[in-house]
Amino acid sequence: MTEARGDATGAAGAPGRPGAQGTADSAAGQWYDDDAGPLVRPYAMTGGRTKPGPSNVRFDLIALVDIEADAPGPAEESLLGPEHRALITLCRCETQSVAELAADADLPVGVVRVLLGDLLEAGFVRVSRPVPPAQLPDEKILREVIEGLRAL
């Protein structure tokens, strides 16, 4: 009887080969991808949802997310999932954009949008839009102000 080798010509689905589905760690009861470590699929984090709920807020990449001043307390926060709590922790440090949150939490942007929708509906965070470039003062005006201040 011969033993199967872990080369690229082996059957798909076997650990360590392209197309591997992963192996079960019976002691921990978790599934592992051989190269990536513990995995939780995005649809598991969002409950299969792809949209951030019924809120009218757009979570584009530059939308700014901050902790709500009257956010629910630690008891309510403990009922949230680990990804929700991670986003809250990141927002407590400083106001961040959706793109920054996704990068810092190491989650896909689509997942972060859904999770932020949950947090917004629960009253944990608030979302604001940065000032559009059309509403910013003209650079010429700013230069004139600087020159005027230097003249004083």
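**Helix α5 and its surroundings**

Visitor: How far does helix α5 reach from its first C-alpha to its last?
Guide: Helix α5 covers residues 109–122, a run of 14 residues. The expected span is 1.5 Å times one less than the number of residues, which gives 20 Å for α5. From its first C-alpha to its last, α5 comes close to that, at 20 Å.

Visitor: At which pLDDT do side-chain atom pairs count?
Guide: Residues are numbered from 1 along each chain as its sequence is written, and side-chain values use heavy atoms, leaving out hydrogens and water. This is a predicted model, so totals for chains, interfaces and linings use all residues, local features need pLDDT of at least 70, and side-chain atom pairs count only at pLDDT 80 or more.

Visitor: How many helices and strands does the protein chain have?
Guide: Helices here are DSSP runs of H or I with at least four residues, strands are runs of E with at least two, and both are numbered from the N terminus. The elements run β-β-β-α-β-α-α-β-α-α-β-α from that end. In total, that is six helices and six strands.

Visitor: Which residues of α5 are buried?
Guide: A residue counts as buried under 20% relative accessible area, exposed over 50% and partly exposed in between, using a 1.4 Å probe and protein chains only. Across the 152 residues of the protein chain, buried ones make up 24%. In α5, they are Val111, Val112, Val114, Leu115, Leu116, Gly117, Asp118, Leu119 and Leu120.

Visitor: How do the axes of α3 and α5 lie, parallel or perpendicular?
Guide: Two packed helices are described by the angle between their axes and the distance between the axes. Axes are lines fitted to C-alpha atoms, for helices over the stretch in contact, with angles from 0 to 180 degrees between N-to-C directions; under 35 degrees counts as roughly parallel, over 145 as roughly antiparallel, 65 to 115 as roughly perpendicular and the rest as oblique. Helix α3 (residues 82–93) and α5 have axes that come within 10 Å and cross at roughly 80°. That crossing makes α3, relative to α5, roughly perpendicular.

Visitor: How many of the residues in the contact of α3 with α5 are charged?
Guide: Contact means heavy atoms within 4.5 Å, and the axes of α3 and α5 come within 10 Å. Glu83, His84, Leu87 and Ile88 of α3 meet Val112, Leu115, Leu116, Asp118 and Leu119 of α5. Ala, Val, Leu, Ile, Met, Phe, Trp, Tyr, Cys and Pro count as nonpolar, Asp, Glu, Lys and Arg as charged, and the others, Gly among them, as polar. By that scheme the contact has six nonpolar residues, one polar, and in the charged class two.

Visitor: Which residues of α5 make the contact with α4?
Guide: The axes of α4 (98–105) and α5 come within 9 Å and cross at roughly 110°, so these two helices are roughly perpendicular. From α4, the contact uses Val98, Leu101 and Ala102, and from α5 it uses Val109, Val112, Arg113 and Leu116.

Visitor: What is the relative accessibility of aspartate 106?
Guide: Aspartate 106 sits in the loop between α4 and α5. Its phi is near 55°, a positive value in a residue other than glycine. Aspartate 106 counts as exposed because its relative accessibility is 69%.

Visitor: Why is there no bond between the sulfurs of cysteine 91 and cysteine 93?
Guide: A disulfide is a pair of cysteine sulfur atoms within 2.5 Å, and the structure holds zero of them. Cysteine 91 is buried at 2% relative accessible area, whereas cysteine 93 is exposed at 65%. The sulfur of cysteine 91 has its closest cysteine sulfur in cysteine 93, which is too far for a bond because the separation is 8.9 Å.

Visitor: Which residues does proline 130 touch, leaving out those up to four places away in sequence?
Guide: Proline 130 lies in the loop between β6 (125–128) and α6 (139–151) and is partly exposed, at 28%. Its C-alpha is 6.7 Å from that of alanine 63, although the two are 67 residues apart along the chain. The residues touched are Ile62, Ala63 and Leu64.

Visitor: Which residues is serine 97 in contact with beyond its neighbours within four places in sequence?
Guide: Serine 97 belongs to strand β5 (residues 96–97) and is buried, at 11% relative accessible area. Beyond those neighbours, its contacts are Leu61, Ile62, Ala63 and Leu64.
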